[in-house]
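Subject: Structure handover and findings

Hi,

Here is the structure for you to pick up. Please open it alongside this email.

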Amino acid sequence: MSTHLPTADLRDPDSAARTARMRDALRAAAFTADGLLELLGAPAYAALARSETVPALRATRGDGPLATLVRLFLLQRPVPYDRAAAALPVDDCLADGWLVRDGDEVRASVDVRPYGGPDGQDWWIVSDLGCAVGGAGGIRAAEEAAGVDRAQLVLGVGGASTTLAGLTVRAPVAKVLDLGTGSGIQALHASPYATEVTATDLNPRALRIAGLTLALSGAPAADLREGSLFDPVGEETYDLIVSNPPFVISPGARLTYRDGGMGGDDLCRTIVQQAAAHLNDGGYCQLLANWQHVEGEDWRDRLRSWVPRGCDAWIVQREVQDVTQYAELWLRDAGDHRTGPEEYAARYDAWLEEFEARRTKAVGFGWITLRKSGAADPSITVEEWPHPVEQPLGSAVVQHFERQDYLRATDDAALLAGRFRLADEVVQEQVGLPGAEDPEHVVLRQNRGMRRATKVDTVGAGFAGVCDGSLPAGRILDAIAQLVGEEPVLLRDRTPDAIRTLVEQGFLEPVETGQD
């Protein structure tokens, strides 16, 4: 098997032209996310995501260009030279090392995976053979297919990378840093709206593959720098830092793509704490992370302690696993379940020994977003939200911090003088026994963004229901007080906290003076 990556010189005009011809051929053959779904059908497409290749092999028994490309780059099967030449500028691909010739057949040197950009772009993600979603056999099979030490393997697009891409704030900015770029997915997402993209990685293979991903997708080249964490960027600052780091909490650092190499959750903590020094004012840092749940310690307090001075933070825990579940997940990821029973048991025991030494009872997974606000009284929200959300969430992230700014600057008197509008697609649910005259409680539920739900009393429900931006909050409360027979002054005194909660969670939107 091949042990090298494509040799395309991304700075050479001739090589760039050959890469462009290859890209044109991929697009012409409908080797795109939509084209794959149409060729394979939903069941085979879904099976491929589960690393089951038999349905896709059956769907590509024809000799059309798309079937050929699927067999070459997704299923990593050799195909006859003549068949490849009907789908690709095959001599260009051989010259730049995308394909390798074995007699009358050619095979791929890397996995090339179609990927749909957020604005309908046709992109292609490059990774080591067998390392994309759908690579059969797990990481051990990928190691054999790529012909390199598994510690240096570069993975393709997966659930974590697409989750982070959906969370990321998308706005025109000057400089973006993709910290730990891997196959370049986040750098690729940044390319349409950033003037300059810097991508770093400890693994030189990852930098090479990230460059190939950008070139094949027709994106501008990134500034690729080798090194750990923020070391490659010195004292430079950015408008956005995005990172899908090697966050797995493990005994040792066997696999560069996933194991941080620091004790416990220190790698994620270090990224968070050092990010502030590399953010421009108003800039964001967004990353995925794991964190320990330590015996005798509130995990929320642990994460609050990570947040650097001068930054607001929104931290969302999406999932928690006990230490046995966590160890088993990542042992399977490494293919250790395919080893002998004694070797597997020894590795499993090493994970549990590590957790016991650190008094770790569970591991949380979620999102961390920092915004450099410079506020003396920063807003730090740490919450658990395991429920479904609407992706992409980038705009919801921006709105979250805008609401924190508003609440921080607005005292109760200003709040009651302000006007609010009920957010789009908020519905009211009444919960109670069938036939009861009054509900036991009322729930407001969002159908957008975080899709939150919150209980409110009848005053809160009535207030939210009439908020259309036309009347100040205080006047609405005075009218409600008359309806329910309550003293208006008392109602005004006890309601601001409830209004703040509805604003903070996005049920109510402040309306600027003079805004329709």
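Below is what was found, from the overall fold down to single residues.

**Overall**

This is a predicted model. The protein has 516 residues, and its radius of gyration is 26 Å. A compact globule with that many residues would come out near 24 Å, so the value agrees. The C-alpha trace spans about 90 × 55 × 55 Å along its principal axes. The secondary structure comprises 20 helices and 19 strands.

Buried residues make up 51% of the 516. The protein exposes about 22,800 Å². Carbon and sulfur atoms supply 49% of that area. Among contacts with a separation of 6 or more, 70% link residues 24 or more positions apart. On charges, there are 50 positive and 76 negative. Their mean positions lie 3 Å apart.

**The S4–S5 hairpin**

Strand S4 covers residues 111–116 and pairs with S5 in the antiparallel sense, over six bridges. Tyr115 stands opposite Trp123 in S5. Five residues sit between the two strands, and Gly120 takes a positive phi near 85 degrees in this hairpin. S5 runs over residues 122–127 and is mostly covered, with five of its six residues buried.

Pro114 belongs to S4. Is Pro114 buried or exposed? Its relative accessible area is 8%. The cut-off for buried is under 20%, so Pro114 is buried. Beyond its neighbours within four places in sequence, Pro114 contacts Phe31, Thr32, Ala33, Leu36, Leu74, Trp123 and Trp124. For a longer-range reference, take Arg338: Pro114 and Arg338 are 224 residues apart in sequence, and their C-alpha atoms are 30 Å apart.

**Helix H4 and what follows**

H4 covers residues 65–74. Nine of its ten residues are buried, so the helix is largely enclosed by the rest of the structure. The buried set is Leu66, Ala67, Thr68, Leu69, Val70, Arg71, Leu72, Phe73 and Leu74. Note that Arg71 is in that list. Leu74 also appears among the contacts of Pro114 in S4.

Gln76 comes just after H4. Its place is in the loop between H4 and strand S1 (79–80). The phi of Gln76 is near 55 degrees, a positive value in a residue other than glycine. Gln76 counts as partly exposed, at 24% relative accessibility.

**Helix H8**

H8 covers residues 159–167, and its buried residues are Ser161, Leu164, Ala165, Gly166 and Leu167. What do they pack against? The partners are S4, helix H9 (185–190), strand S9 (238–243), strand S10 (279–294), strand S12 (360–372) and helix H15 (394–409).

**Strands S15 to S17**

S15 (residues 426–431) and S16 (residues 441–446) run antiparallel and are joined by six bridges. Glu429 stands opposite Val443 in S16. S16 then pairs with S17 (residues 453–456), also antiparallel, over four bridges. The bridge partner of Arg445 is Ala453 in S17. S16 and S17 form a hairpin with six residues between them. In that turn, Gly449 has a positive phi of about 60 degrees.

**Helix H18**

Asp478 lies in H18, which covers residues 473–484. Asp478 is partly exposed, with a relative accessible area of 24%. Leaving aside neighbours within four places in sequence, Asp478 is in contact with Pro488 and Arg492. Val489 is eleven residues from Asp478 along the chain, and their C-alpha atoms are separated by 8.2 Å.

**Backbone points to check by eye**

- Which peptide bond is cis, with omega near 0 degrees? The one from Gln391 to Pro392. Pro392 is in the loop between strand S13 (380–384) and H15.
- Ser51 has a phi near 70 degrees, a positive value in a residue other than glycine. Ser51 lies in the loop between helix H2 (33–49) and helix H3 (54–59). At 29% relative accessibility, Ser51 counts as partly exposed.

Best regards

Terms used:
Residues are numbered from 1 along each chain as its sequence is written. This is a predicted model: local features need pLDDT of at least 70, side-chain atom pairs count only at pLDDT 80 or more; totals for chains, interfaces and linings use all residues. Side-chain values use heavy atoms; hydrogens and water are left out. The radius of gyration is taken over C-alpha atoms; the globule rule is 2.2 Å times the number of residues to the power 0.38. Buried means under 20% relative accessible area, exposed over 50%, partly exposed in between (1.4 Å probe, protein chains only). Contact means heavy atoms within 4.5 Å. Accessible areas come from the Shrake-Rupley method with a 1.4 Å probe; for residues, only the protein chains shown count as cover. Lys and Arg count as positive and Asp and Glu as negative; His and the chain ends are not counted. The place of a charge is taken as NZ of Lys, CZ of Arg, CG of Asp or CD of Glu. Two strands pair if DSSP finds at least two bridges between them.
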